[in-house]
Amino acid sequence: MKKKRRTKKVAFSIRSKLLLLLSVSMLPFLLIAVYLLISIANYNQTYHEIVDHLTIANTYNIQFKEQMDESLYKVVVGYVSMDNIANDETLKDPYVLIRNLKKSCTGLRDVTSDYESRMWLDSLLRNVDTLKNRVDDIAENVKKGDRYDENIRQLDDNIYILTELIQEDIQYYIYYQTNYMEAVTNTLNQQIHTFVIVFAVVLAALGIVVGGAGFFVTSGILRPLRQLYNATGEISEGNFAVRTHVKSHDEVAVLAHGFNDMAENIQILVNKVREDEQKMRKADLRLLQEQINPHFLYNTLDTIVWLIECNETEQATEMVVTLSDFFRLVLSHGQEFISIRMEEQHVRSYLQIQETRYHDIMEYHILIDPELYGYQIPKMTLQPIVENALYHGIKCKRSKGQICIRGEKKQDLLILTVTDDGVGMEEADLQDLQKEIEKPCKQTDRGFGLANVNERLHMYFGAEYGVKIASRPGEGTQVTIVIPAVHNVTGEAIT
């Protein structure tokens with residue numbers, strides 16, 4: 001049912017208020033606006049100059065020491081020479097680095113007015129000159145040859161210390177430039193303070209009429225507009241419960257009532273959409289989760305029938321019990337989370353079943369630290385990954401292989417790995433697969449089980465947790481699961 005639109009009578013329009021204000025105070029406010037614009041323009045120019053200086057300094061603060069130290073070290077150990085170092089895309093010519101730094105810092109010194117900042121730039125330039133001399137020494141020793149130990153001492157006793165001093169000089173320059181920016185800001189604040197005083201004097205000079213008009217306009221326009229502005233800001237941040245309470249009798253009041261109606265309708269719609277989306281998302285994921293293993297069930301039942309036909313009744317009975325345990329843990333009374341102990345039992349049951357079918361090509365080891373048993377994990381996290389290792393790693397190897405499952409706790413994280421020594425993947429295929437599993441699982445073209453696990457971990461714990469894959473062709477694949485260490489509170493009994 002649509003709500004009836006509420007209307008509010010306009011008693012004194014904003015148009016009338018503005019005409020009154022402009023008629024009595026146009027000139028004083030125009031002068032004040034010019035003064036304020038000039039102050040802001042001056043501050044803006046100074047601010048951008050400081051920001052430009054800081055940007056230049058920060059570039060060298062981040063890169064110079066690392067690039068210089070690495071390049072000189074590789075020259076000393078003979079990885080490259082001074083003549084061909086520029087051909088290596090990962091290294092920088094030390095002389096080019098020094099020349100660029102000196103040029104930039106000389107330019108900064110010429111335009112820097114702050115005394116402390118200039119002092120640190122002078123110190124930096126002196127250290128740069130000393131660094132160039134030491135680089136000359138190393139270059140000369142390298143040309144002469146048989147001075148490796150001396151060059152290493154030069155690196156440790158001179159180069160690394162000088163680059164660190166240069167980095168400290170840059171950091172001090174950044175520090176004092178930041179302080180100078182704060183001083184500029186304080187100056188602007190002082191100008192604003194002066195502006196407020198001048199504004200107050202002008203208003204006093206205008207007398208009762210201007211004061212009354214200013215008060216009327218402030219009360220009738222600025223306050224309700226500010227309320228609306230703040231309310232729209234909160235809505236833009238997702239707070240749809242905000243409401244405005246405007247008591248004026250003008251167009252702003254009508255706008256405020258319309259705004260409240262809009263916010264209420266948006267809140268209702270957003271809550272409904274979020275609720276529906278969450279229900280659909282969880283339903284889809286649970287449905288997809290249950291669709292992971294139908295072929296496994298069919299193959300297992302075929303194996304049981306085959307064992308019975310071959311009079312292997314004892315082994316068939318064990319396989320039925322193991323299959324029962326497997327699906328009992330899958331159902332888990334509808335629980336989304338189970339303990340690590342139960343997850344281990346689940347994947348062990350799966351591997352015991354598969355071992356019956358693939359005993360000639362598969363071995364497995366489960367090495368999960370018992371310390372992890374009391375922590376929780378979304379059910380069916382390990383099994384799809386183990387299944388992937390078996391069908392895409394071990395089976396394709398066409399010889400006997402191993403699957404190893406490990407688990408350990410590092411600080412507040414649980415690290416679970418599934419490793420196989422199967423066929424592995426090429427780097428391009430590995431990158432494609434990693435991209436695929438980051439997509440919603442319904443949109444993946446490959447790696448459905450991995451994508452399902454990864455999406456559920458993202459949904460439950462956040463984007464920083466999930467599945468990572470490492471692989472090398474001919475050596476195998478390792479899948480790593482990282483989740484937060486949270487104690488299980490649902491209990492373990494599954495009957």
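How accessible is Lys397, and is Lys397 buried, exposed or partly exposed? Lys397 is partly exposed, with a relative accessible area of 28%; buried means under 20% relative accessible area, exposed over 50%, and partly exposed in between (1.4 Å probe, protein chains only). This is a predicted model, in which local features need pLDDT of at least 70, side-chain atom pairs count only at pLDDT 80 or more, and totals for chains, interfaces and linings use all residues. Residues are numbered from 1 along each chain as its sequence is written, and side-chain values use heavy atoms, with hydrogens and water left out.

**Salt bridges**

- The structure holds 11 salt bridges, a salt bridge being a side-chain nitrogen of Lys or Arg within 4 Å of a carboxyl oxygen of Asp or Glu.
- One of them joins Asp421 and Lys397 through their side chains, at 3.6 Å from N to O.
- This pair links distant parts of the chain, 24 residues apart: Asp421 is in the loop between strand 5 (413-420) and helix 10 (427-437), and Lys397 is in the loop between helix 9 and strand 4.
- Helices (H or I, at least four residues) and strands (E, at least two) are DSSP runs, numbered from the N terminus.
- Asp421 counts as partly exposed because its relative accessibility is 26%.
- Glu363 and Lys400 also meet in a salt bridge, again given as 3.6 Å from N to O.
- Glu363 lies in strand 2 (residues 362-368) and Lys400 in the loop between helix 9 (382-394) and strand 4 (401-410), so the pair ties together parts that are 37 residues apart in sequence.
- Glu363 is partly exposed at 30% relative accessible area, and Lys400 is partly exposed at 43% relative accessibility.

**Helix 3**

- Helix 3 has 30 residues and spans 44 Å from its first C-alpha to its last, close to the 44 Å expected at 1.5 Å a residue; the expected span is 1.5 Å times one less than the number of residues.
- Within helix 3, Lys132 forms a salt bridge with Asp136, and the closest N and O atoms are 3.4 Å apart.
- Lys132 and Asp136 are 4 residues apart in helix 3, about one turn of the helix.
- Lys132 is partly exposed at 37% relative accessibility, and Asp136 is partly exposed with a relative accessible area of 27%.
- Buried residues of helix 3 include Ser117, Leu121, Leu124, Asn127, Val128, Leu131, Val135 and Ile138.
- Gly145, just after helix 3, takes a positive phi of about 85 degrees.

**Aromatic pairs**

- The structure holds 7 aromatic pairs; rings of Phe, Tyr and Trp (its six-membered ring) pair if their centres lie within 6.5 Å, and planes under 30 degrees apart count as stacked, over 60 as edge-to-face and the rest as tilted.
- Trp120 and Tyr172 are stacked, because their ring centres are 4.2 Å apart and their planes are at 10 degrees.
- Trp120 lies in helix 3 (residues 115-144) and Tyr172 in helix 4 (residues 148-236), so this pair ties together parts that are 52 residues apart in sequence.
- Tyr172 is partly exposed, with a relative accessible area of 38%.
- Phe461 and Tyr465 form an edge-to-face pair, because their ring centres are 6.3 Å apart and their planes are at 75 degrees.
- Phe461 and Tyr465 are both buried.
- Phe337, Tyr460, Phe461 and Tyr465 are linked into a cluster by ring pairs.

**Surface around Tyr79**

- Tyr73, Val77, Tyr79 and Tyr148 make a nonpolar surface patch of about 410 Å².
- Patches are made of residues with over 30% relative accessible area and no salt bridge; like charges are joined within 9 Å, and nonpolar side chains (Val, Leu, Ile, Met, Phe, Trp, Tyr) within 5 Å.
- Accessible areas come from the Shrake-Rupley method with a 1.4 Å probe, and for residues only the protein chains shown count as cover.
- Tyr79 is in the loop between helix 1 (14-76) and helix 2 (94-111), and Tyr79 counts as exposed at 52% relative accessibility.
- Lys74 lies over the face of Tyr79, 4.8 Å from the ring centre; a charge sits over a ring if NZ of Lys or CZ of Arg is within 6 Å of the ring centre and within 35 degrees of the ring normal.

**Contacts of helices 9 and 10**

- Gln383 is in helix 9 and is buried, with a relative accessible area of 0%.
- Gln383 and Val347 are 36 residues apart in sequence, and their C-alpha atoms are 5.3 Å apart in space.
- Glu436 lies in helix 10 and counts as buried at 11% relative accessibility.
- The C-alpha atoms of Glu436 and Arg446 are separated by 6.8 Å, with their positions 10 residues apart along the chain.
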